[in-house]
Amino acid sequence: MKNVLRLLPLLPGIVTLSGCNHAPQKSNGQNSQKPNIIYIFADDLGIGDLSCYGATKVSTPNIDRLAGQGVQFTNAYATSATSTPSRFGLLTGMYPWRQENTGIAPGNSELIIDTACVTMADMLKDAGYTTAAVGKWHLGLGPKGETDFNNRITPNAQSIGFDYEFIIPATVDRVPCVFVENGHVVGLDPNDPITVSYDHKVGNWPTGEENPELVTLKPSQGHNNTIINGIPRIGWMTGGKSALWKDEDIADIITHKAKNFIASHQEEPFFLYMGTQDVHVPRIPHPRFAGKSGLGTRGDVIMQLDWTIGEIMHTLDSLHIADNTILIFTSDNGPVIDDGYQDHAYELLNGHTPMGIYRGGKYSAYEAGTRVPFIVRWPARVKPNKQQALFSQIDVYASLASLLDQPLRKGAAPDSQEHLSVLLGKNNTNREYVVQQNLNNTLAIIKGQWKYIEPSDAPAIEYWTKMELGNDKQPQLYDLSSDPSEKTDVSKQYPDIVKELAELLESVKEK
């Protein structure tokens, strides 16, 4: 792997790669030391899901306060329209489509980031940070082959730069439904070992397909395997009863772990990478939030997410370290309404528009697939403002390295560009281009006012969710300056622009 990384600049044709209002502040050195960094990935949150981005049917006062105190981006993009590749892109600084096996990972996937890859967490450790990953992971665990959840799991997040991990292995709708802390399943009884399969049923636990009478949240599609807490999941598991999570407690547990990490490391620079399970399916709010939004459980878990962010902000305030903490809040990809359970999300929208004015959503090459909320707060250094510059999450890695004057190790973050002044809202210079990736690895590229989607033979509509994927056998071109909703394909009117952007995209692929 190290040899591959050294050869990157010499291999122009390579596409598939391995690896890679505040409280008074402390005077104990926090204000003079390197800033703490917290990066929070919400899950499947749309740019139209927050009141600070224009939502009127749901209120997110804590995230609104964060936006009001920081830089609120309106043209920021995730690398990908699904979870695993988006997270991979952020942490490696490499486009996920350059590496095989970066699609949506099953719960027993091996760790998909090569341990020789220099991750953003590695870079921050080099810069003197204590690092933690808390919450949703979805980047695999263990070696190739099925993950063994009954012994210490390695490699894990600690193998790629994180000092501490407390993670959900995959997604909350996938087995195993357990937490992993520093390589060990939390609360596991060794006399009740866990078995997981994504190929066939294991053990004799009920499934949604065989025992629909035991289901409390019925699937709309796809989720008909092992039933945990009355909810049928993707994949089969047996064993580990004492370790199973209760869905309504997940937000409380991961928020508590994040707050504990912050408090334990308040005297030194720390990096917290936090992934919430909200607003991913199954949407099971804590009773504090159940029924409170008026928009069904999807609205309720948006409220729960807002509470989570408020708890993190309150912790920073109470410890008097908010001023010197960079807090970044965003989403891994765009929203989806019905993603596999009969939770009446469509019926209870009540005029709420998770996608905002944009076309598509999660899984899609259209704008709502990767144009996401993105907020950066650093009270000591950043003045509140609205940032309209074109920006990609892939550039967080190189930008933070620049902020810290931390040289990148050879071969690290090959696609990440330094755009620190944009990240901090100090100028609004657009990135030259932004690359988007959909479920089928169809790529799109945005440059200036134009967006080009490459031709694809993949399906136009995602089978289960009926989401428009943006796939078409012909190239597509949209003028986002006059048509941000991508209603009119103007590829026939501007063949020269199509040619220019197609060539630019090919040059990025061949980099």
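Let's start at serine 83, which is found in helix H3, a run covering residues 83–92. Keep in mind that this is a predicted model.

**Around serine 83**

UniProt, in an unreviewed entry, places the feature "modified residue: 3-oxoalanine (Ser)" at Ser83. Is this residue buried or exposed? Serine 83 has a relative accessibility of 5%, and because buried means under 20%, serine 83 counts as buried. Leaving aside residues up to four places away in sequence, serine 83 touches Lys136, His138, Asp332 and Asn333. Two of these names, Lys136 and Asp332, come back in the charged network described below.

**Salt bridges**

How many salt bridges does the structure hold? There are 27. Here are three of them, with the distance between the closest N and O atoms.

| Basic residue | Acidic residue | Closest N and O atoms |
|---|---|---|
| Lysine 257 | Glutamate 181 | 3.5 Å |
| Arginine 288 | Aspartate 252 | 2.8 Å |
| Lysine 509 | Glutamate 454 | 2.7 Å |

Take the salt bridge between glutamate 181 and lysine 257 to begin with. This pair links distant parts of the chain, 76 residues apart: glutamate 181 sits in strand S6 (residues 180–181) and lysine 257 in helix H5 (residues 250–264). Glutamate 181 counts as partly exposed at 24% relative accessibility, and lysine 257 is partly exposed too, with a relative accessible area of 22%.

Next comes the salt bridge of arginine 288 with aspartate 252. Aspartate 252 belongs to helix H5, while arginine 288 lies in the loop between strand S12 (270–275) and helix H6 (296–318), so the pair ties together parts that are 36 residues apart in sequence. Arginine 288 counts as partly exposed at 34% relative accessibility. Aspartate 252 is partly exposed as well, with a relative accessible area of 23%.

The table ends with the salt bridge between lysine 509 and glutamate 454. Lysine 509 lies in helix H9 (residues 495–510) and glutamate 454 in the loop between strand S19 (450–453) and strand S20 (476–479), so this pair ties together parts that are 55 residues apart in sequence. Are lysine 509 and glutamate 454 buried or exposed? Both residues are buried.

Which residues do salt bridges with shared partners join into one network? They are Asp43, Arg87, Lys136 and Asp332.

**The sheet beside helix H9**

The loop that holds glutamate 454 runs between S19 and S20, and both strands belong to an open sheet of 4 strands, in the order S17-S18-S19-S20 with antiparallel pairing. At the edges are strand S17 (434–437) and S20, each pairing on one side only. From one strand to the next, the twist averages 20°.

Looking at S19 and S20 in detail, the two run antiparallel and are joined by 4 bridges. Isoleucine 453 has glutamine 476, in S20, as its bridge partner. Helix H9, home of lysine 509, lies across S17, strand S18 (443–447), S19 and S20, and runs at about 115° to S18.

**Cysteines**

How many disulfides does a search of the whole structure find? The search finds 0. Cysteine 52 counts as buried at 19% relative accessibility, just below the limit, because buried means under 20%. Cysteine 177 also counts as buried, with a relative accessibility of 0%.

Methods. Residues numbered from 1 in each chain as written. Predicted model: local features only at pLDDT ≥ 70, side-chain atom pairs only at ≥ 80, totals over all residues. Heavy atoms only, no water. UniProt positions renumbered as here; feature names shortened; annotations may be inferred. Buried < 20%, exposed > 50% of the residue type's maximum accessible area, 1.4 Å probe, protein only. Contact = heavy atoms within 4.5 Å. Salt bridge = Lys/Arg side-chain N within 4 Å of Asp/Glu carboxyl O. Disulfide = S-S within 2.5 Å. Pairing = 2+ DSSP bridges. Axes fitted to C-alpha atoms, helices over the stretch in contact; angles between N-to-C directions.
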